[in-house]
Every structure is written in C-alpha cells, then in structure tokens.
Amino acid sequence: MRAHDELADANRLQPPVVGDQLVLAAEVLGHLADPTRLHLLRLLAGGEQDVTGLTAQVPASRSSVSQHLGRLRLAGLVQARREGRRMVYRLTSDHLHALVEEAYQFAGHLVHRIPHHSAEG
C-alpha cells in the first residue's frame, strides 16, 4: 500500500502527458539512439564547435559528421551559425545537455557494473 501511495503522490506532482509531447519525446530519443550523434551532442554540451573540431574527436569522416549535424539541426537539437567560412554548432537547450549526460551516466553504471541509484534511497 505504501508503494501505491508514493506512486500516486509522484503522479500528482507531474503534469499530465499529452500525445504530442510523447511523440516528440520519442523522436528526440530516436535522434540520440545513434552513437555518433550522441557523441556529437556530448561534445557540443561543452560549448560551440565547428565541423573540423568535431570531426577530429569522433571516429567518423567529415562528410558523415556534417550529415549527422544536419539531421540534428533539422530536428531542432542543434543550431548553426556562420563564422566566416565555417559553421559553428551548439546545443539548443540545457535540457538536451542534461538528457545526454544522464544517458552517459546510466551507461557508465551498466559498463562498470555500478549499482543504480534508487529513488527510495
């Protein structure tokens, strides 16, 4: 009964989820499901970078990095601005930064067999 009461309390604190919000959340997670895109987003969480700098840090060709960045830009996850002849990319939201970091932290627990944190303490 206690667990049921706690779950009911948690549900009262959260706003209702609407269909469009679920669909968009799934789309965002779908974009993060690619290792190269996730790596690029994690790098951009540290600050703005251009394609050349990002390509030097990921195991992908410049063309591949550009294509991934294009998909992320079209999805609204990154923004680009021209700086002379180069394009500089950045994350569009601190929420995205937190989401990417949480995914890495969760994976770190799995890889290193670290017990997961529990909401119950």
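Q: Which residue takes a positive phi in the hairpin of β2 and β3?
A: This is a predicted model. The hairpin joins β2 and β3 with 2 residues between the strands. The positive phi there is near 70 degrees, and the residue that takes it is Gly-84.

Q: Over how many bridges do β2 and β3 pair?
A: β2 covers residues 78-83. β3 covers residues 86-91. They pair in the antiparallel sense, and the number of bridges is 6.

Q: What stands opposite Ala-80 in β3?
A: Ala-80 falls within β2, residues 78-83. β2 pairs with β3 in the antiparallel sense. The residue opposite Ala-80 is Tyr-89.

Q: Which residue in β3 is the bridge partner of Arg-81, and also of Asp-50?
A: Take Arg-81 first. Its bridge partner in β3 is Val-88. Now take Asp-50, in β1 (49-50). β1 pairs with β3 in the antiparallel sense over 2 bridges, and the partner of Asp-50 is again Val-88.

Q: In what order do the strands of the sheet lie?
A: The sheet is open and has 3 strands, with antiparallel pairing. β1 and β2 are the edge strands, since each pairs on one side only. The order is β1-β3-β2.

Q: What angle does the direction of α3 make with that of β3?
A: α3 packs on the sheet. It touches β1, β2 and β3. The angle between the directions of α3 and β3 is about 85 degrees.

Q: Why are α3 and α6 oblique to each other?
A: α3 spans residues 35-44 and α6 spans residues 94-111. Their axes come within 10 Å and cross at roughly 120 degrees. Roughly perpendicular ends at 115 and roughly antiparallel starts over 145, so this angle fits neither class. The relation of α3 to α6 is therefore oblique.

Q: How many residues of the contact of α3 with α6 are nonpolar?
A: α3 passes α6 in a left-handed crossing. From α3, the contact uses Leu-38, His-39, Leu-41 and Arg-42; from α6, it uses Leu-96, Val-100, Glu-101 and Tyr-104. Of these residues, 1 is polar and 2 are charged, and the nonpolar count is 5.

Q: Where is confidence lowest in the protein?
A: The protein averages a pLDDT of 89, and 88% of the residues score at least 70. Confidence is highest in β1, at 98. Where pLDDT is low, the predicted coordinates should not be read in detail. The lowest confidence, a mean of 56, is in helix α1 (residues 2-13).

Terms used
Residues are numbered from 1 along each chain as its sequence is written. This is a predicted model: local features need pLDDT of at least 70, side-chain atom pairs count only at pLDDT 80 or more; totals for chains, interfaces and linings use all residues. Side-chain values use heavy atoms; hydrogens and water are left out. Axes are lines fitted to C-alpha atoms, for helices over the stretch in contact, and angles run from 0 to 180 degrees between N-to-C directions. Helices (H or I, at least four residues) and strands (E, at least two) are DSSP runs, numbered from the N terminus. Angles under 35 degrees count as roughly parallel, over 145 as roughly antiparallel, 65 to 115 as roughly perpendicular and the rest as oblique. A crossing is left-handed if the near helix is turned anticlockwise from the far one by less than a right angle, and right-handed if clockwise. Contact means heavy atoms within 4.5 Å. Ala, Val, Leu, Ile, Met, Phe, Trp, Tyr, Cys and Pro count as nonpolar, Asp, Glu, Lys and Arg as charged, and the others, Gly among them, as polar. Two strands pair if DSSP finds at least two bridges between them. pLDDT is the predictor's confidence in each residue, from 0 to 100.
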